[in-house]
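Trainee: I would like to learn how to read a model like this one, feature by feature. Could we take it a residue at a time and then widen the view?

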Amino acid sequence: MSGGAGRIRVLLAEDAPLIRQALTALLSQEDDLEVVAAVDHGDLIVPTALRTPPDVAVLDIDLPGTDGITAAVELQARLPSCRTLLLTSVARPEHVRRALSARVTGFVRKDAPTARLAEDIRQVAQGRRVVDPELALAAATATENPLTPREVSVLRLTAQGASTRDVAAQLYISVGTVRNHLSSAVAKTQARSRVDAIRIATEAGWL
């Protein structure tokens, strides 16, 4: 550990101000933990870590800009001494699988008690892998995503309220191709409609 007197240096990335401030205050009360930086945007994680090297980066998985998993992978490449602990509020199987394949050191639920999070940080700092059992179960029992990356993009934009023409313009494809992708997504998810396909894909963690 690089922190003074054996203290674990922590970088915290969380975009919700109240949660970020609360976690910073609560973790700082632990004698062996020191929050050396707290950021609210994914793009700030790596530059901040390089300026103020932490022992553990605690990253919300859903951040504006660079998401937590992508930032964790980049951190491993740029600052191998830094361990990563991801926080999530929803057990989306695709997120869990991405995190595990990215070899993050820890992946836990955001609503865990602070004392539990502090202990998880200590475990991660020592190189031990910590994965919330519920998240691990979600990944193990999830159905494999049958959708292609393009079908996911089309469904995601449609879920955000984009029209077929808007989706075509954003993805630089024809309106007919968008309709084909939507029809394929409906068939693959065994849905009754586009709206139903979006619901099924969202609940499965594919979007």
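Mentor: Gladly. Keep in mind that this is a predicted model. Let us start with one side chain and its surroundings: leaving out residues up to four places away in sequence, arginine 122 touches Ile8, Glu30 and Asp32.

Trainee: Where is arginine 122 placed? And is arginine 122 buried or exposed?

Mentor: Arginine 122 sits in helix 5. Its relative accessible area is 17%, and the cut-off for buried is under 20%, so arginine 122 counts as buried.

Trainee: Two of those neighbours are acidic residues. How should I read such a pair?

Mentor: The general idea is that side chains of opposite charge can pair when their charged atoms come close. In this case, arginine 122 and glutamate 30 form a salt bridge, with N to O at 2.7 Å. The partners come from distant parts of the chain, 92 residues apart: arginine 122 belongs to helix 5 (residues 114-125), while glutamate 30 is in the loop between helix 1 (17-28) and strand 2 (33-39). Glutamate 30 has 24% relative accessibility and is therefore partly exposed.

Trainee: Which salt bridge involves aspartate 32?

Mentor: Aspartate 32 pairs with arginine 122 too, at 2.6 Å from N to O. Because aspartate 32 is in the loop between helix 1 and strand 2 and arginine 122 is in helix 5, this salt bridge ties together parts that lie 90 residues apart in sequence. Aspartate 32 is partly exposed, at 24% relative accessible area.

Trainee: What about pairs inside a single helix?

Mentor: The general idea here is the helical repeat: an α-helix has 3.6 residues a turn, so residues three or four places apart point the same way. For the case in this structure, look at aspartate 120 and arginine 116, which form a salt bridge with their closest N and O atoms 3.5 Å apart. They are four residues apart in helix 5, which means about one helical turn separates them. Aspartate 120 is buried at 5% relative accessibility, whereas arginine 116 is partly exposed at 36%.

Trainee: Which residues are joined into one network by salt bridges that share partners?

Mentor: That network consists of Glu30, Asp32, Glu119 and Arg122. For the wider count, the structure holds eleven salt bridges.

Trainee: Now to helix packing. At what angle do the axes of helix 8 and helix 9 cross?

Mentor: For a packed pair, read the distance and the angle together. The axes of helix 8 (residues 164-171) and helix 9 (residues 175-188) come within 8 Å, crossing at roughly 105 degrees. Angles from 65 to 115 degrees count as roughly perpendicular, so that is the label for helix 8 and helix 9.

Trainee: Which residues meet between helix 8 and helix 9?

Mentor: From helix 8 come Thr164, Arg165, Val167 and Ala168, and they meet Val175, Val178 and Arg179 of helix 9. Sorted by class, this contact has four nonpolar, one polar and two charged residues.

Trainee: Could you say more about arginine 179?

Mentor: Arginine 179 is in helix 9 and is partly exposed, with 46% relative accessibility. Beyond its neighbours within four places in sequence, arginine 179 contacts Thr164 and Arg194. To get a sense of scale, compare it with aspartate 32: the two are 147 residues apart in sequence, and their C-alpha atoms are 56 Å apart in space.

Trainee: Which residues of helix 7 are buried?

Mentor: In helix 7 (residues 149-159), they are Glu151, Val152, Val154, Leu155 and Leu157. When you meet a list like that, ask what does the covering: here it includes helix 8, helix 9 and helix 10 (194-203). After helix 7 comes glycine 161, with a positive phi near 100 degrees.

Trainee: Finally, how do I read the protein as a whole?

Mentor: Begin with the inventory: the protein has ten helices and six strands. Its C-alpha trace spans about 65 × 35 × 30 Å along the principal axes. Of its 207 residues, 44% count as buried. The exposed surface is about 10,200 Å², with carbon and sulfur atoms supplying 51% of it. Lastly, among contacts with a separation of 6 or more, 64% are between residues 24 or more positions apart.

Terms used:
Residues numbered from 1 in each chain as written. Predicted model: local features only at pLDDT ≥ 70, side-chain atom pairs only at ≥ 80, totals over all residues. Heavy atoms only, no water. Axes fitted to C-alpha atoms, helices over the stretch in contact; angles between N-to-C directions. Helix = DSSP H or I, 4+ residues; strand = E, 2+ residues; numbered from the N terminus. Parallel < 35°, antiparallel > 145°, perpendicular 65-115°, else oblique. Contact = heavy atoms within 4.5 Å. Nonpolar A, V, L, I, M, F, W, Y, C, P; charged D, E, K, R; others polar. Salt bridge = Lys/Arg side-chain N within 4 Å of Asp/Glu carboxyl O. Buried < 20%, exposed > 50% of the residue type's maximum accessible area, 1.4 Å probe, protein only. Areas by Shrake-Rupley, 256 points an atom, 1.4 Å probe, with all protein chains shown as cover.
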